[in-house]
Every structure is written in structure tokens, then in C-alpha cells.
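Reader: I am new to this one and would like to go through it with you. Could you show me the sequence and structure, please?

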Amino acid sequence: MNNAIVLELRNPSDEVHTFRFGEGARIGRLPSNGNIVHNAETITFSVPAQSSRWVAFSSTGELVTPHSIDDIQATTTDRIIADEGNTTYVPLPAHWVTANLEDARDAFIHACRSSIQGVHENHTLGIGGYALMATFSRLRSERTGQCGVYSPNALGFEYDNNTDSLHNHLLNGNLVMDEAYGSGFDSSDSIRLELSNTTDRNIRLCMAPGTAFEQRDRHAQNQQNVVLRDEVEVTILPGESATITAHGMCANRTGANPDGHLLATPFRLMNASNFMGREGREQSDLWARTDTTDPHRGRM
Amino acid sequence: MMRSNRLFDDEGNELYSGFGTISREALDATVDGRAYIETPTGFERLSRPEGDTEDEIRRLVDTATRLGGYVPEVNVSVDTTEGEEVSATIHFPPREVVPQKVDLSSVLEIMQSIHKNALRGQNRHGWIDTTVGTFERNVREGIALAEKLYGGRLPVNIIPSAVKGACEETAFIFAGCIPQGSIHRPSVAVISEQHPMEVEERYHQHEHTIWQEPLNQFIRDFVVENLDAATNSGCLQGTWKDIHVFMPMPQPIGGILSGENDALTEFCCYCREVAERTGRDIKVTIHWQDSIEEVEQ
């Protein structure tokens with residue numbers, strides 16, 4: 001395989017700077033053979049104030065290093081529809097990112113509930129969604145200084161409309177979630193689900209890679225949200241219960257180790273398999289996507 | 001009478017509106033002789049190209065002209081049984097957009113107020129109190145606002161700027177901004193090459209940058225570099241007639257020499273040389289913090 005070209009994006013300014021490489025733009029010359037590398041598709045990178053960031057492109061111009069969710073450009077809006085594919089954000093007062101952590105958490109949860117439409121939260125059914133969006137919006141706001149409630153797409157998530165998804169089965173009453181527990185991360189049994197099929201027919205459950213779970217309890221809000229690494233596909237017979245263990249990955253580098261009850265969300269990390277495609281580096285690559293490795297980390 | 005580029009079929013249904021890309025269906029109809037144009041006397045069939053090669057080419061060119069396009073190439077292929085076949089590529093240039101007339105004197109007024117605003121905050125010794133970053137941001141946001149007001153990029157050249165557009169007649173030089181090639185501006189550099197599986201994304205924090213430092217400390221270097229950039233600009237040789245230099249300081253009292261004033265003097269002299277050499281009138285106006293000076297050329 002040909003070598004990748006490594007670039008340093010230098011931002012000595014005192015504000016976040018966005019670097020944009022247009023499609024076909026010249027990226028640079030490979031030092032070893034002098035070949036010019038051109039960018040395969042338009043891409044932007046966000047670099048925090050007074051920082052430098054290294055990114056790499058293959059010899060054919062494809063991005064090799066993870067594209068952080070902070071790199072996703074978002075435009076302002078006054079409301080967000082959960083299943084629309086827009087990259088938007090509802091601006092919030094800038095001082096919220098420096099507020100006391102507890103206050104900031106509450107403020108973002110409240111703002112998410114009033115700004116995002118189409119999330120059918122029901123803790124009795126085991127369904128959440130707002131806490132995930134609130135945590136990711138707050139963290140992105142803290143890292144970038146652009147304070148707001150972000151749409152799922154602007155946070156790298158998409159609304160999972162699959163009829164066989166866990167969220168959909170819970171919402172439609174096909175399955176009852178007796179228990180959902182997160183314990184540790186990046187291990188084959190870090191997610192445990194106990195599900196019952198209360199219908200009189202077979203229920204096929206298909207959870208795609210990247211399916212996201214959030215912490216249920218308020219005292220566990222400092223713990224990492226969890227996303228599924230591999231696809232899970234099972235059929236639960238009528239009236240039967242099943243315990244499913246799955247490989248959960250930590251979605252927030254700065255959070256504490258998961259050890260608590262989870263809620264299913266309607267959201268799924270986009271292109272999760274791609275972001276976790278390098279064997280042995282799945283967790284660090286995922287963090288590079290969701291949380292960045294920069295020194296300006298958000299608070300969990 | 002205004003020429004119509006609209007095409008119709010034999011029932012009067014519109015095939016082509018006369019603007020934008022022509023559809024395959026409309027082109028086929030034209031070539032097959034099934035297309036009509038509207039004339040003062042009614043619909044008139046666009047004649048099907050026939051006759052000898054020369055006539056056909058003429059008719060094709062005529063058709064293209066009628067439709068508002070032009071013919072960059074004509075292909076003639078020879079078939080031994082059917083004779084010559086002529087086809088043409090018709091290009092339709094984008095409609096000419098009449099640029100909005102920009103009143104440059106009002107743009108200048110906006111620039112003056114941007115500069116004044118960016119320099120606000122002077123301490124009791126008369127020194128500018130603003131930081132490099134705040135000054136930079138104020139100028140940048142002011143220019144963006146002016147562009148927004150005038151509906152797009154202004155017909156002026158701005159120094160420092162990353163924009164490599166056409167040379168205009170008017171130039172605005174914000175001498176107190178960070179020069180374009182400076183290491184203090186965001187930049188991209190090739191570091192190395194590595195195997196894709198081994199590449200790690202890395203961040204590191206700069207220990208010290210000048211953006212939060214007082215502008216005062218850097219004014220001299222910035223002014224000298226920005227005026228150097230203006231001196232070396234091809235636009236000065238080619239087009240500039242009205243140059244406005246925004247200096248981030250009060251007008252010096254006569255006789256006081258400093259690096260930035262030397263640089264300004266040299267720049268003005270060079271403009272005079274260019275004016276003499278090219279025969280073009282070049283007016284240089286210096287916008288000091290407290291006054292405006294027109295330099296005699």
C-alpha cells in the first residue's frame with residue numbers, strides 16, 4: 001500500500017479555525033517520490049485555538065485519519081427535526097460552556113428537549129435520546145466554543161429508521177426491555193440486554209454497528225455513552241425472553257467507565273464500521289471521531 | 001425587437017425556454033426539423049440542415065446563433081454511400097449577469113469606520129490597547145460585513161488577504177493586520193509520509209502565540225511587511241489607481257523617523273515611480289488614526 005501524506009494544520013490564532021480542502025485541490029507532494037496528491041472530496045477540519053493538528057491523506061487523496069464530529073460544518077437554525085439529515089445547530093448563550101458542570105448539563109438537556117423534535121423519549125419503555133444529544137452538543141460546544149444544540153447529523157449520528165431496530169421494537173411494543181446495563185467498554189460483554197417478546201409472532205431484532213445507548217440515571221451522567229461495535233441480529237420467539245451481550249465501545253473519551261443502566265436511543269453513529277475499521281485501534285479511532293484527541297476536551 | 005430563443009413543437013408546446021441547458025429532446029427536434037420558433041408572423045419551422053456541406057455548416061451556425069449559443073467545433077464525417085454528414089457542438093454561454101454597481105466612496109467610508117472601530121481602546125499614553133487577535137477579527141468581520149452589504153466580493157484588492165482575484169483599480173492596505181505570509185496566521189505544512197495503518201492523528205497545543213498580545217508590540221513589523229507586499233504586488237504595476245493605506249497609529253509629528261514611517265515613505269516613492277513609468281495616475285491616501293493625508297504624486 002502506498003504511503004499517506006501527513007499534513008500539519010497550524011492554528012496559532014486565539015479562535016477555532018476551519019481549514020477547507022476543496023475537491024481536487026492540491027494537498028501536497030509526497031516527500032519520497034515527489035508525486036502530487038490531490039484531494040478526493042471536499043473536506044473541512046476544525047482546529048482549536050493555539051493548536052496544531054496532524055491529518056493524513058492516502059496517495060489517492062482519501063482521508064486516512066478520522067474526521068472528527070467537530071469538523072462537520074453546521075449552519076444555524078431555530079429548531080431541529082431528529083430524523084432530518086441536516087447539519088444544523090440552535091445557538092445557545094456562549095457562557096453556558098463555562099457554567100458550572102451540573103448547571104450546564106441541566107441547561108443542555110432542557111435546550112435539547114425544547115429544540116429537537118421527533119425524539120419519543122419514554123424511560124418506562126427504556127427509550128431515551130435527549131441525554132445523548134445533550135451530552136454530545138455540550139461537549140462539542142465546550143471544545144469549539146460554538147455553543148448550541150446540534151442536530152444528530154452535526155454530531156455524527158443519524159436517526160435509525162430501521163423497522164427491526166431496538167428502538168423501533170421498544171416503541172411499538174414488540175419487545176419489552178427488562179434490563180439494559182453497561183459495564184466497561186471495548187469488551188465483548190460490555191452491553192447486556194434482557195428483552196422479552198410479548199407478541200405472538202417472531203421478532204427479528206437487528207442492531208447496526210454504531211447503535212447508541214445513553215446512561216439512564218442522573219448520577220451516572222459523568223459516565224460514557226456506549227455504542228455498538230458489531231452488528232447484532234437475533235430472532236426472539238413469541239413469548240420468549242433473551243439475554244443479549246454485545247461489544248460496546250465508549251463514545252466519550254473523557255467520561256467515566258460505564259457501570260449503570262442504559263436506555264436505547266433512536267440514534268446510530270454514522271459510518272461506525274468505517275471509523276472502527278482498523279483492527280486493534282477501534283477504540284482510539286472512535287474517540288478521534290467522537291471526542292477528538294485535542295487538548296481542548298469537554299467535561300463529562 | 002427582442003430575439004426569442006424559445007423552441008416549440010408543431011403543436012405549439014414549448015420544447016426549450018430559451019435559457020440554460022437545452023434538452024436532448026429539443027436538440028433532436030431541431031436536428032430533425034421538428035422544432036419551431038415564434039416570429040411576428042407566427043411559428044416558423046427551423047429548417048432542417050440539408051444541401052451541401054458548406055450550407056449545412058452555415059445553417060448549423062445560424063441555428064446556434066438564433067438560440068443564443070455558438071459553435072466551437074463542427075464535425076464532418078464522410079460516409080461513402082450517404083455522402084458527408086455534418087454535426088456541430090453548440091455551446092450556450094451562461095447569461096450575462098450585470099454586476100451590481102458598487103459605490104466605492106461609500107465602501108471607503110465603511111472601511112474607515114471599520115479601521116477606526118478596530119483601533120478603539122487607547123490607553124492614556126495614546127497607545128492602542130487592543131490585542132493582535134481583536135484587531136485582526138474586527139477588520140476581518142468588518143470587511144465581511146461590507147461584502148454582505150454589497151452582495152458579494154468588493155471590486156477592490158485588500159492587503160493582507162488570501163484571496164487571489166483579479167487586479168482592481170482600488171486597493172485597501174490594512175497595515176496593522178498580520179501579514180499574509182506570516183507564521184502567525186493559520187497555515188498548512190507537509191510533515192512527512194507514513195503507512196496508512198500507522199498514521200496517528202495528533203494534536204498539540206502551542207505554548208505561546210501572539211494573538212492575545214498587545215498589537216503595539218508588533219505594529220512596526222506588520223506595517224513594514226504589509227507595505228512590502230503591496231510594493232511587490234503585480235496589481236500595483238498593472239491596475240491600481242486609488243490606494244488607501246490604513247495606518248494603525250496617529251500621524252507622526254514631522255521629523256520623527258521610525259521603521260514603519262520609513263516603509264510608508266518608501267512605498268509612496270515607489271508608487272510615484274510606477275505612476276511615472278506607466279503614465280497612470282496613482283493616488284495614495286493615508287488614513288492615520290487621527291487624520292487623513294493625501295500624498296502628492
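Reader: In which loop is B:Pro160 found?
Author: This is a predicted model, in which local features need pLDDT of at least 70, side-chain atom pairs count only at pLDDT 80 or more, and totals for chains, interfaces and linings use all residues. Residues are numbered from 1 along each chain as its sequence is written, while chains are lettered from A and ligands numbered from 1 in the order in which they are written. Helices (H or I, at least four residues) and strands (E, at least two) are DSSP runs, numbered from the N terminus. With that in hand, B:Pro160 sits in the loop of chain B between β7 and β8.

Reader: What kind of peptide bond joins B:Ile159 and B:Pro160?
Author: Most peptide bonds are trans. Between B:Ile159 and B:Pro160, omega is about 0°, and the bond is cis.

Reader: Is strand β8 of chain B largely enclosed or open?
Author: A residue is buried if 20 or more other C-beta atoms lie within 10 Å of its own, exposed if 12 or fewer, and partly exposed in between, with C-beta atoms placed from the backbone. B:Thr170, B:Phe172 and B:Phe174 point one way from β8(B), B:Ala171 and B:Ile173 point the other way, and all are buried. Because 5 of the 5 residues of this strand (170-174) are buried, the rest of the structure leaves it largely enclosed.

Reader: Which residue of β11(B) stands opposite B:Phe172?
Author: Two strands pair if DSSP finds at least two bridges between them. Strand β7 of chain B (residues 157-159) pairs with β8(B) in the parallel sense over 3 bridges, with B:Asn157 opposite B:Ala171. β8(B) also pairs in the parallel sense with β11 (residues 242-246) of chain B, over 5 bridges. In that pairing, the residue opposite B:Phe172 is B:His244.

Reader: Which residue, 80 residues apart from B:Thr131 along the chain, has its C-alpha atom 6.6 Å from that of B:Thr131?
Author: B:Thr131 lies in the loop between α3 (104-118) and α4 (132-149) of chain B, and it is partly exposed because 19 other C-beta atoms are within 10 Å. Two residues are in contact if their C-beta atoms, placed from the backbone, lie within 7 Å. Beyond its neighbours within four places in sequence, B:Thr131 has contacts that include B:Gln212 and B:Pro214. The residue whose C-alpha atom is 6.6 Å from that of B:Thr131 is B:Trp211.

Reader: Which element gives the largest share of the side of chain B that touches chain A?
Author: Here 24 residues of chain B are in contact with 36 residues of chain A. On the chain B side, β9 (187-194) and β10 (202-205) are the elements that give two or more residues. The largest share, 8 residues, comes from β9(B).

Reader: Which residue in β9(B) stands opposite A:Arg10?
Author: Strand β1 of chain A (residues 4-11) and β9(B) pair across the two chains in the antiparallel sense, over 7 bridges. Opposite A:Arg10 stands B:Ser187.

Reader: Which helix gives the most to the largest nonpolar core?
Author: In soluble globular proteins, nonpolar side chains tend to be buried together. A nonpolar core is a set of buried Ala, Val, Leu, Ile, Met, Phe, Trp, Tyr and Cys residues joined through C-beta atoms within 7 Å. The largest one has 60 residues, and A:Cys112, A:Val149 and A:Phe213 are among those with the most contacts inside it. The helix that gives the most, with 7 residues, is α2 (residues 130-144) of chain A.

Reader: How many residues does another core, lying apart from it, have?
Author: Among the residues of this other core are B:Val132, B:Ile159, B:Cys271 and B:Ile286. Its size is 43 residues.

Reader: Does A:Gln50 count as buried or exposed?
Author: Most residues other than glycine have a negative phi. A:Gln50 has a positive phi, near 50°, and is placed in the loop between β5 (43-47) and β6 (51-57) of chain A. Because 21 C-beta neighbours lie inside 10 Å, A:Gln50 counts as buried.
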